[in-house]
Amino acid sequence: MTLVLSAALIGVTGTSASAACSTPWGSLQKGSLSGYSEGPLERVRTGQQSCYDRLVIEVDGTAFGHLVGYVDEVVQEGSGKPVPLRGSAKLRIIVQAATAPGFPATSPELANVSGYRTFRQVAGAASFESQTTIGVGVRARLPFRVLTLPRDGGGTRLVVDVAHTW
């Protein structure tokens, strides 16, 4: 005897994975350059989630401006020199905070994202006059969201999540 179960009966559909990863965030620019942090940008870290890749920027300050959006080219603060990035799309993150001493503001590899589904590279694009730019090479122009969250011990985490799919 052969037992055949309908996909609907066991809760499997062609869209169940995409429904579980609903990311209606869009891909247009988010944030505003509204003021400077009283404390420096201290750290950048990344993580992988089931539906998106995450970039976290830790700032020892609050109420600072930020602007995140896709651009044709990310350029260095101050010099305007292009920042080479791997990937088919380039996400520019501007944070109105100077970097802490020792922060590698112009590093081509601020974080190791090898093996990530969406991120291809995270690079420092310099800090100039209390404004820091970070470039993220992305697999494609995908939806993203931007959140600010309090940091344990004070300060703020600027979180940028980029979806794995539309």
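Here are a few notes on this predicted model, for someone opening it for the first time.

1. Start with confidence. The chain has a mean pLDDT of 90, and 89% of its residues come in at 70 or more. The stretch to treat separately is residues 1–16, where pLDDT stays under 50. For those residues the model has two contacts beyond four places in sequence.

2. Next, look at the sheet. It is an open one, built from five strands in the order 1-4-5-7-6, with antiparallel pairing. Strand 1 (30–32) and strand 6 (119–128) are at the edges; each has a single partner strand, so one side of each has no neighbour in the sheet. Going from one strand to the next, the twist averages 25 degrees.

3. Stay with strand 6 for a moment. Its pairing with strand 7 (residues 131–138) is antiparallel and runs over seven bridges. If you want a spot to zoom in on, try Gln121, which sits opposite Gly137 of strand 7.

4. Now for a single residue, Cys51. You'll find Cys51 in the loop between strand 2 (41–48) and strand 3 (52–59). Is Cys51 buried or exposed? Its relative accessibility is 12%, and the cut-off for buried is under 20%, so Cys51 counts as buried.

5. What is Cys51 in contact with, leaving aside neighbours within four places in sequence? The answer is Ala20, Cys21, Ala163 and His164. On the subject of distances along the chain, Cys51 and Asp161 are 110 residues apart in sequence, yet their C-alpha atoms are separated by 9.3 Å.

How values were computed:
Residues numbered from 1 in each chain as written. Predicted model: local features only at pLDDT ≥ 70, side-chain atom pairs only at ≥ 80, totals over all residues. Heavy atoms only, no water. pLDDT = per-residue confidence, 0-100. Contact = heavy atoms within 4.5 Å. Pairing = 2+ DSSP bridges. Helix = DSSP H or I, 4+ residues; strand = E, 2+ residues; numbered from the N terminus. Axes fitted to C-alpha atoms, helices over the stretch in contact; angles between N-to-C directions. Buried < 20%, exposed > 50% of the residue type's maximum accessible area, 1.4 Å probe, protein only.
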